[in-house]
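Student: I would like to take a close look at one part of this structure. Please show it to me first, and then I will ask about a single residue and what lies around it.

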Amino acid sequence: MNIRRHIFAVAAAAMLSTGAYAADIKVGVIGPFTGGSASMGVSMRDGVRLAAKEINAAGGVDGNKIVLVERDDEAKNERGVQIAQELINNEKVAATVGYINTGVALASQRFFQEAKIPVINNVATGTLITKQFPNAAENYVFRTSAADNIQAPMIAKEAVEKRGLKKVAILADSTNYGQLGREDLEKALKVYGVTPVATEKFNLGDVDMTSQLLKAKNAGAEVILTYAIGPELAQIANGMAKLGWKKPMIGSWTLSMASFIDTAGKNGNGATMPETFIQNPPTTPKRKAFVEAYLKDFKPKNGIIASPVSAAQGYDSVYLLAAAIKQAKGTEGPKILAALQDLKTPLEGVVMTYNKPFSATDHEAIDAKDVVMGIVENGKVEFLNAEDAAPKKR
């Protein structure tokens, strides 16, 4: 009996030493589940939960369950740093998904890089995120959202090329997200020979944009380009209404957040933004099933996901990670990295069908061709161009 136990113990140790699965596969989930960014964070988290639930119900990854280790970073850089270290050192996660705020990602994902643990940014869009470690032999940072250097040119094109609006004002918040996005917008506008007539900044929590809007108005702005999140974006729309000065709002994807749409009300109508996913109408069976399952499990207000983009990208990120772990036949970071960079089997997701979405030199799942323009109409986001409703493949 003792001999048999010894043989079993030796075999088990050998399996673990070669990167075989543990009993469960721990996956970290980092995002703001409270505060001004919560609608994005909670939607992302719930999309992640839904994917993990489905994968586990179907037998897990080669029979091993995905266990989510969720942490609220409160959209605070220092909190993100603490959580990253906890997930790595205490929870021993195999990988992590999440990150909503660019600043939090840039402050804390270096710990995953150093530990050789893959992290998939499924919402944060700062252009620098997947390029933060250019001199590293291996890059453990991936993304399933549309980077700002994709979104900014689309915003500029919509304003200048399609609408002929050359007197633009940029209103961006003071965070890393807002200011890096502003820089990308300015670069995109230079392609058209356009210099903003006004560039204004504001802080998170500001509720009066009168000063910034008056400067834009007095400068003759024909359109407001934005880089911020929902609550402050609503103050811009409502501020224009108070001034009796209605100009188009074109900005980053965050104009699709419920915290913008609900707070701005009718003043938000016409706001236009790049999107990777629009809830209605669901244009593929996969999207339809996702939306129905999400609404059933989480019952969002008025049947509208608070941040559909965050939910969809979070959902897809878990399926991509599970596919990589299955291909790697283990949970060692370098093996998952290699698998993510060379996924053998196409994966039908909610945002699109992923066919080799990553490579050793490209950790961005989303290209410009994968992004469409959305518009706010009567409390929800619609496709700006009907032809964009067709499903995307990569």
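Student: Does K116 count as buried, partly exposed or exposed, and what is its relative accessibility?

Tutor: This is a predicted model, and the answer should be read with that in mind. K116 counts as partly exposed, because its relative accessibility of 42% falls between the two cut-offs, under 20% for buried and over 50% for exposed.

Now the backbone at that residue. K116 has a phi near 60°, a positive value in a residue other than glycine. K116 is part of the loop that runs between α4 (102-115) and β4 (119-121). Another lysine can be set beside it. K92 has a phi near 55°, which is again positive in a residue other than glycine. Its place is the loop between α3 (77-89) and β3 (95-98). K92 is exposed, because its relative accessible area is 59%, and the cut-off for exposed is over 50%.

The loops of K92 and K116 lead into β3 and β4. These two strands pair with each other in the parallel sense, over three bridges. In β4, I120 stands opposite V97. Both strands belong to an open sheet of five, with parallel pairing and the order β2-β1-β3-β4-β5. At the edges are β2 (65-72) and β5 (141-143), each of which pairs on one side only. From one strand to the next, the twist averages 25°.

A helix also packs on this sheet: α11 touches β1 (24-31), β2, β3 and β4, and its direction makes about 165° with that of β3. Helix α11 (residues 308-328) has a helix partner as well, α2 (residues 38-57), and the two axes come within 7 Å and cross at roughly 35°. The crossing of α2 and α11 is right-handed. On the α2 side the contact includes M40, M44, V48 and I55, while α11 contributes residues including G314, Y315, V318 and Y319. By type, the residues of this contact divide into twelve nonpolar, four polar and one charged.

One more loop has a backbone feature to look at. The peptide bond from N280 to P281 is cis, with omega near -5°. P281 is found between β10 (272-275) and α10 (285-298).

To return to your residue: K116 is partly exposed, has a positive phi and sits in the loop between α4 and β4.

Note on methods:
Residues are numbered from 1 along each chain as its sequence is written. This is a predicted model: local features need pLDDT of at least 70, side-chain atom pairs count only at pLDDT 80 or more; totals for chains, interfaces and linings use all residues. Side-chain values use heavy atoms; hydrogens and water are left out. Axes are lines fitted to C-alpha atoms, for helices over the stretch in contact, and angles run from 0 to 180 degrees between N-to-C directions. Helices (H or I, at least four residues) and strands (E, at least two) are DSSP runs, numbered from the N terminus. A crossing is left-handed if the near helix is turned anticlockwise from the far one by less than a right angle, and right-handed if clockwise. Contact means heavy atoms within 4.5 Å. Ala, Val, Leu, Ile, Met, Phe, Trp, Tyr, Cys and Pro count as nonpolar, Asp, Glu, Lys and Arg as charged, and the others, Gly among them, as polar. Buried means under 20% relative accessible area, exposed over 50%, partly exposed in between (1.4 Å probe, protein chains only). Two strands pair if DSSP finds at least two bridges between them.
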